[in-house]
Amino acid sequence: MNIKSTIKLPDDVKFIISRIEQNGGSAYAVGGCVRDALLKKEPYDWDIATDKTPLETERCFSEFNVIETGIKHGTVTIRLNGKNYEVTTFRTEGTYSDCRRPDSVEFVKNLKEDLSRRDFTINAMAYNDKCGIVDLFGGQSDLQKKIIRCVGDAEKRFSEDALRILRALRFSSTLEFKTDIECKNAVFAKYYELKNVSAERIKTELFKMIIGKNFKYVCSNYKNVIDDVIYGVKCDLITDVFFEKAFNYEPYKAFAAAVRMSKCENLSKCCANLKLSNFEKNVVKLSVLNPDLTDKTSVLRFMSTISDENFDALLDIWDLCGEN
C-alpha cells in the first residue's frame, strides 16, 4: 500500500534525499523514524535507504564528510551540521548462521525487497515527499491497532536475529502495544536462541523494556521468557507499585528494584550475565544486601558506609519496591 501522506522531514534529511534524486537515484527515510513520526513522537535519529551503492552515495556527497561506517553492509554516514545520518543501500540478506548477523548481503534496486527483510511491520515503512508513505505490509494499520506483528514468517524473522525476540517485547512495553498471536507463538518457540546473543545487546533491550509503561503486560504474557533469559528477575514477585512507577526512573534503578523484589540469590551471576558496569553492579548488590528498613539504627549505620550517590539510588529503588 502506498499512501500519499506527509511527514515533516528535517532539512538535512530532505537535502540528502534531494541530492540523491538529483543524481538519478531514489531515497527514503525508513524504519523507526517513520514509525515514530506517525506516532507523533520525535525520532531519535533518521535513517535513509537508497538504491545507490555506497560508492555512488559517497560520490553524491563528495564535498561533505562521509564515513564508511558499515560499507560491507551498504552503510555510509553523512555528517551534516554536526549530526550523523546513516544512508544504506537497498539490500537483501543471506542466512544468519549465528542468529545475529547475515552471512552475506546483496545490494538491490527494489525498495520492496529491502523492506521485506525488516523485523516488524511498524518498522517496515518508508517515506519521501514525492511518494508519501510506502507501506507494503500494513504497518499503519498495526500502529492504529497497537499491534506488534512480524514482516512475513515470525519464526523465520526471529531465527535470523534472535534479539528481535526482545525487541518485540521492548516495543510492546515502550509503545504500549500487544503482540499478535503469530509473533507471540514465535517468541515461545524461539526464545532459547537468545543464548546466541551477546549480553550487551540483551542488556540494552532489557533496560529499555523494563521502564516501559506496558512492562506489566510483558511480564504477564512472557513470564517464562523473562524468568529464563534475565537471570535474577522473577515476574511473579514484581509488584504493581513497580509497574506504576518504573517509567519515571533510570533503567538500572528499575532493574535493581526488580532484582530486589525477586530475592535473587546469586548476585554475581545476575550481574555477570548482563555485563553490568561496576557502578550498576554495586547498586544492584546494595539493593539486595541492605538492612531491614524497619530498623532505624540499622539504616543509619548502613547509610554511614555508602556514598551519597549510592544512597540516593537506593532511595529510588526502595520507592519502586513500595518500601519507602
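Two residues are taken to be in contact when heavy atoms of the two lie within 4.5 Å. In this predicted model, and with residues up to four places away in sequence left out of the count, E280 touches K203, F207 and Y252. E280 itself belongs to helix α15, which covers residues 278–289, and at a relative accessible area of 13% E280 is buried, because residues under 20% are counted in that class.

The chain as a whole contains 17 helices and 12 strands, and its C-alpha atoms, taken along the principal axes, fill a box of roughly 75 × 40 × 35 Å. Of the 324 residues in the chain, 52% are buried. When contacts with a separation of 6 or more are considered, 66% of them are accounted for by residues 24 or more positions apart.

The largest pocket of the model has a volume of about 1600 Å³. Its lining comprises 42 residues, of which D47, R118, D119, R167 and R170 are the closest to the centre of the pocket. Two or more lining residues are contributed by each of several elements, namely the helices α2 (32–38), α7 (163–175) and α9 (199–210), together with the strands β3 (47–50), β4 (65–70), β6 (83–89) and β7 (91–93). Among these elements, α7 gives the most to the lining of the largest pocket, with seven residues. In terms of residue class, the lining of this pocket divides into 21 charged, 11 nonpolar and 10 polar residues.

The second largest pocket has a volume of about 270 Å³, and its lining is formed by P10, by the residues E42, P43, Y44, D45, W46 and D47, and by K83, N84, Y85 and E86. Here the element that gives the most is β6, with four residues. The lining of the second largest pocket is made up of five nonpolar, five charged and one polar residue. D47 is thus named both among the residues closest to the centre of the largest pocket and in the lining of the second largest pocket.

Aromatic side chains provide a further set of computed features, with 12 aromatic pairs held by the structure. One of these pairs is formed by Y28 and F90, whose rings are tilted, with 6.4 Å from centre to centre and 35° between the planes. Because Y28 lies in strand β2 (residues 27–30) and F90 in the loop between β6 and β7, this pair ties together parts that are 62 residues apart in sequence. Both partners are buried, Y28 with a relative accessible area of 10% and F90 with a relative accessible area of 1%. A further pair joins F311 and W318, whose ring centres are 5.8 Å apart and whose planes stand at 80°, so that the pair is edge-to-face. F311 counts as buried at 14% relative accessibility, and W318 is likewise buried, with a relative accessible area of 4%. In addition, ring pairs link F15, F61 and F64 into a cluster.

Charged side chains are also placed over aromatic rings. The charged end of R170 sits over the ring of F171, at 4.4 Å from the centre of that ring, and R170 is also one of the residues closest to the centre of the largest pocket. K213, in turn, lies over the face of F247, at 4.8 Å from the ring centre.

Technical notes:
Residues are numbered from 1 along each chain as its sequence is written. This is a predicted model: local features need pLDDT of at least 70, side-chain atom pairs count only at pLDDT 80 or more; totals for chains, interfaces and linings use all residues. Side-chain values use heavy atoms; hydrogens and water are left out. On a 1 Å grid over the protein atoms alone, a cavity is a set of points where a 1.4 Å probe fits but cannot get out, and a pocket is an open set with protein on both sides within 12 Å along at least five of seven lines; lining residues have an atom within 4 Å of a point. Grid points are joined across faces, edges and corners, and a volume is the space filled by probe spheres set on the points. Ala, Val, Leu, Ile, Met, Phe, Trp, Tyr, Cys and Pro count as nonpolar, Asp, Glu, Lys and Arg as charged, and the others, Gly among them, as polar. Rings of Phe, Tyr and Trp (its six-membered ring) pair if their centres lie within 6.5 Å; planes under 30 degrees apart count as stacked, over 60 as edge-to-face and the rest as tilted. Buried means under 20% relative accessible area, exposed over 50%, partly exposed in between (1.4 Å probe, protein chains only). A charge sits over a ring if NZ of Lys or CZ of Arg is within 6 Å of the ring centre and within 35 degrees of the ring normal.
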